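Reader: Hey, can you walk me through a structure? I'm new to this, so plain words please.
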Amino acid sequence: MAVRPEEGGMIKRELFISLRATLVTLLLTGIAYPLTVTGAALLLFPHRARGSLVADDRGRVVGSELIAQSFTVSGYLQPRPSAAGEKGYDATSSGGSNLGPTSKALRERVTKDLRRLVAENPDAPGPVPAELVTASGSGLDPHLSPAAALWQVPRVARARNVDPARIRAVIEANVEGRDLVVVGEPRVNVLLVNLALDRQFGRPTSLAGR
């Protein structure tokens with residue numbers, strides 16, 4: 001079927017309009033908007049916009065306050081387990097294990113963690129807090145509840161040869177309150193507390209967990 005000249009001209013105009021709309025949309029949403037938002041964030045919230053990076057007392061960047069990392073040295077608080085990545089705590093592979101309560105693999109992993117925690121924390125008060133054997137949905141939750149952090153005080157104090165009351169005081173001084181007073185629960189950032197412990201008492205002899 002032949003296309004009349006006027007129809008051909010209309011198709012060309014519609015094609016031109018579509019291409020122009022696509023180009024404008026790309027420039028606005030793909031370039032202008034991201035640059036504007038990034039620039040505003042860097043201007044108003046530079047620390048957050050750069051990843052909330054945290055440095056130690058030597059000025060070396062040791063992590064982000066938003067991303068959990070593994071601490072295995074006895075003198076440090078240990079975070080929640082992580083299913084992010086093959087070895088856990090992989091910021092490029094955020095996610096949970098997707099294992100359900102009937103999973104044999106999950107039961108075995110939890111049982112293994114329970115045995116390890118009990119062996120490493122013989123003087124800890126009460127049973128092991130549930131969050132110390134359960135991974136978060138992201139696998140990168142940097143926080144613990146104050147109760148889970150305080151449960152680890154005897155081990156940390158023994159490893160650092162410090163009065164437990166002094167370790168407890170550092171943890172309690174770093175408890176973060178609810179956002180906007182009512183959102184969320186009080187929490188402790190594991191990385192920030194461990195750095196506070198280093199500033200207060202020096203670093204543990206072994207730094208394998210850092």
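Author: Here is a chat about some helix packing and two residues. This is a predicted model, where local features need pLDDT of at least 70, side-chain atom pairs count only at pLDDT 80 or more, and totals for chains, interfaces and linings use all residues. Residues are numbered from 1 along each chain as its sequence is written, and side-chain values use heavy atoms, with hydrogens and water left out.

Reader: Cool. At what angle do α5 and α6 pack?
Author: About 120°, with the axes 9 Å apart. Helix α5 covers residues 153-160 and helix α6 covers residues 164-173. Helices here are DSSP runs (H or I, at least four residues), and strands are too (E, at least two), numbered from the N terminus. Axes are lines fitted to C-alpha atoms, for helices over the stretch in contact, with angles from 0 to 180 degrees between N-to-C directions.

Reader: Which residues of α5 and α6 meet?
Author: From α5 they're V153, V156, A157 and R160, and from α6 P164, I167, R168 and I171. Contact means heavy atoms within 4.5 Å. By class, that's six nonpolar, no polar and two charged. Nonpolar is Ala, Val, Leu, Ile, Met, Phe, Trp, Tyr, Cys and Pro; charged is Asp, Glu, Lys and Arg; the others, Gly among them, are polar.

Reader: And how do α6 and α7 cross?
Author: At roughly 135°, with axes that come within 10 Å; α7 is residues 190-201. On the α6 side, R166, I167, V170 and I171 make the contact, and on the α7 side V193, A196, L197, Q200 and F201 do. That contact has seven nonpolar, one polar and one charged residues.

Reader: New topic: is D113 buried or exposed?
Author: D113 is buried, at 12% relative accessible area. Buried means under 20%, exposed over 50%, and partly exposed in between (1.4 Å probe, protein chains only). D113 sits in helix α3, residues 104-120.

Reader: What does D113 touch?
Author: Leaving aside neighbours within four places in sequence, D113 is in contact with P81 and V133. The side chains of D113 and R109 are 2.8 Å apart in a polar contact.

Reader: Last one: where is A135?
Author: In the loop between α3 and β3 (143-144). A135 is partly exposed, with a relative accessible area of 27%.

Reader: How far is A135 from R80?
Author: They're 55 residues apart in sequence and 5.8 Å apart in space, C-alpha to C-alpha. Not counting residues up to four places away in sequence, A135 touches R80, P81, S82, A83 and R109.

Key
A polar contact is a pair of N or O atoms within 3.5 Å; within protein, one must be able to donate a hydrogen and the other to accept it, and residues adjacent in sequence count only if both atoms are side-chain atoms.
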